[in-house]
Amino acid sequence: MNTTRTLPALALAAAALALAGCGSGASDSAEKMTSYSTRQAVKAELFTVPAEQMSHVKVAAVETTPLGRTLRLTGQVAYNGFRTTPVISAVGGPVSRVLVAPGEHVQKGQSLLEVSSPDYSQLRASYLKAREAYHVTDKNYARAQDLYAHSAIAERDLLQAESDRNQAKADLDASEQVLRILGVPRPDALEKAPPSPELPLLAPFAGEVVERLCSPGQLLQAGGTQCFTISDMSSVWVLVNIYQNQLAYVHPGDTVEVQTDAYPTVFHGRISYVAPALDPNTRTLQARIVTENPGEKLKKDMWVTALVQAGKIENTLTVPDSAVLRDTENLPFVYVLVGENQFGRRSVTIGGTQGGRIEILSGLKAGERVAGDGSLFLQFKNSLQQ
């Protein structure tokens with residue numbers, strides 16, 4: 001036997017056994033450390049509340065209840081198109097005076113500005129001529145009736161006098177209607193009023209002057225120059241965008257609560273219109289909400305949030321609002337009761353809230369019990385035990 005070759009082989013075999021033994025010990029050690037860490041993690045998740053302190057915590061069951069579906073939609077405030085109108089001058093001429101400014105409230109028939117109008121002067125003169133002509137023909141007709149009754153004139157003369165009177169009356173009525181359309185409420189008062197080329201531009205209805213588009217001295221074009229915009233701000237529109245997955249839950253007539261960061265007030269409205277087609281760029285559908293605006297707090301182009309009550313979600317897991325807390329990363333979690341007085345922290349996914357209860361989308365099962373009122377006490381106690 002060759003001892004020179006045998007000794008190195010034995011040495012190699014012994015080294016291999018030694019290495020195998022070391023590897024087995026390292027593996028056992030790693031398993032023990034992992035098991036210890038797992039036990040420590042489980043131990044950290046659960047904490048015990050002394051029986052005498054359980055009175056600070058109100059335990060509530062995770063219940064399956066119907067929950068109202070609330071959609072949060074963003075939108076902008078716009079003028080109510082049915083209560084907003086441009087004010088356009090019906091006559092041409094330079095503006096002599098502007099009588100109102102943006103932000104002022106006006107009444108129906110109130111003068112907004114005065115126009116020095118040659119058109120008005122001509123129409124006024126035509127009316128006065130027609131009025132005078134009617135007075136003359138009316139007297140001639142009355143005189144012709146008297147003469148015909150005494151057989152002093154022929155019937156043809158009577159009929160001619162009557163025709164002249166009727167034509168003059170038609171001319172007078174036409175001139176009077178033109179002046180009324182221009183905003184002259186009592187054309188008959190012009191006969192005694194001093195002659196003036198100035199014609200007031202009247203407000204068509206009561207509301208707020210939200211825009212002024214003319215200045216003194218500006219030349220107005222009859223029927224073509226917009227001078228003001230008036231809107232009744234007691235009611236406004238809120239235009240919101242609806243995504244495709246929300247379309248089935250939004251209908252005309254649904255009630256809406258409108259909120260804004262500017263005020264703590266909640267404004268109430270109702271969906272009045274849903275567009276028939278989606279915007280091809282945003283893939284959203286626009287809806288119009290008619291919203292009451294007490295105090296005229298909502299202003300045009302203000303960003304708001306609209307909460308639409310869109311039916312109910314059946315068999316929804318819910319817990320009290322007080323049961324859901326937030327961690328340092330603003331993620332929601334609850335404390336679940338395990339045993340009699342042990343609690344474990346569990347992350348959850350939440351949905352809508354209504355009537356003091358909040359929807360749980362994942363993380364809990366029906367029948368489990370969570371800490372409701374007093375959950376903040378558990379959060380403080382848990383932080384002390386960690």
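## An exposed ring and its partner

Let's begin with a single side chain: Phe82 is exposed, at 69% relative accessible area. Here, exposed means over 50% relative accessible area and buried means under 20%, with partly exposed in between, using a 1.4 Å probe and protein chains only. Before going further, it helps to know that this is a predicted model, in which local features need pLDDT of at least 70 and side-chain atom pairs count only at pLDDT 80 or more, while totals for chains, interfaces and linings use all residues. Residues are numbered from 1 along each chain as its sequence is written, and side-chain values use heavy atoms, with hydrogens and water left out.

Which residue forms an aromatic pair with Phe82? The structure holds two aromatic pairs. In one of them, Phe82 meets Trp237 edge-to-face, with 5.5 Å centre to centre and 85° between the planes. Rings of Phe, Tyr and Trp (for Trp, the six-membered ring) pair if their centres lie within 6.5 Å; planes under 30 degrees apart are called stacked, over 60 edge-to-face, and the rest tilted. This pair links distant parts of the chain, since Phe82 is in the loop between strand 3 and strand 4 (84-88) while Trp237 is in strand 12, 155 residues apart. Unlike exposed Phe82, Trp237 counts as buried at 13% relative accessibility.

## A second pair, and charges over rings

The other pair is made by Phe333 and Tyr335: their ring centres are 5.5 Å apart and their planes stand at 85°, so this pair is edge-to-face. Are these two rings buried or exposed? Phe333 is buried, with a relative accessible area of 1%, and Tyr335 is buried with a value of 1%.

Phe333 has another neighbour to look for: Arg345 lies over the face of its ring, at 3.9 Å from the ring centre. Elsewhere, the charged end of Lys297 sits over the ring of Tyr263, 5.5 Å from the centre. The rule for such a contact is that NZ of Lys or CZ of Arg is within 6 Å of the ring centre and within 35 degrees of the ring normal.

## How the strands pair

Now follow the strands. Helices (H or I, at least four residues) and strands (E, at least two) are DSSP runs, numbered from the N terminus, and two strands pair if DSSP finds at least two bridges between them. Strand 3 (residues 63-79) runs antiparallel to strand 16 (residues 303-320), and 12 bridges join them; Thr64 has Leu317 of strand 16 as its bridge partner. Strand 3 also pairs with strand 12 (residues 235-243), in the antiparallel sense, over five bridges, with Gln76 opposite Leu239. Strand 12 holds Val236 too, which counts as buried at 1% relative accessibility. Val236 and Leu298 are 62 residues apart in sequence, yet their C-alpha atoms are 7.7 Å apart in space.

## Two open sheets

One open sheet has four antiparallel strands in the order 8-7-5-10. Which strands stand at its edges? Strand 8 (198-202) and strand 10 (219-220) do, each with a single partner strand, so one side of each has no neighbour in the sheet. Strand 7 (residues 111-116) is joined to strand 8 by five bridges, and Ser116 has Glu198 as its bridge partner.

Another open sheet of four strands has the order 4-11-9-6, again with antiparallel pairing. Its edges are strand 4 and strand 6 (105-106); each has a single partner strand, so one side is left without a neighbour in the sheet. Strand 4 pairs with strand 11 (residues 226-231) over five bridges, and Thr84 is matched with Ser231.

## Two pockets

A pocket is found on a 1 Å grid over the protein atoms alone: it is an open set of points where a 1.4 Å probe fits, with protein on both sides within 12 Å along at least five of seven lines, and lining residues have an atom within 4 Å of a point. Points are joined across faces, edges and corners, and the volume is the space filled by probe spheres set on them. The largest pocket holds about 190 Å³. It is lined by 16 residues, of which Ile88, Ile181, Leu182, Leu201 and Leu202 are the closest to its centre. Strand 8 gives the largest share of this lining, four residues. By class, the lining has 13 nonpolar, three polar and no charged residues; Ala, Val, Leu, Ile, Met, Phe, Trp, Tyr, Cys and Pro count as nonpolar, Asp, Glu, Lys and Arg as charged, and the others, Gly among them, as polar.

The second largest pocket holds about 160 Å³. Its lining divides into one nonpolar, five polar and two charged residues. Strand 20 (349-354) supplies the largest share, three residues.
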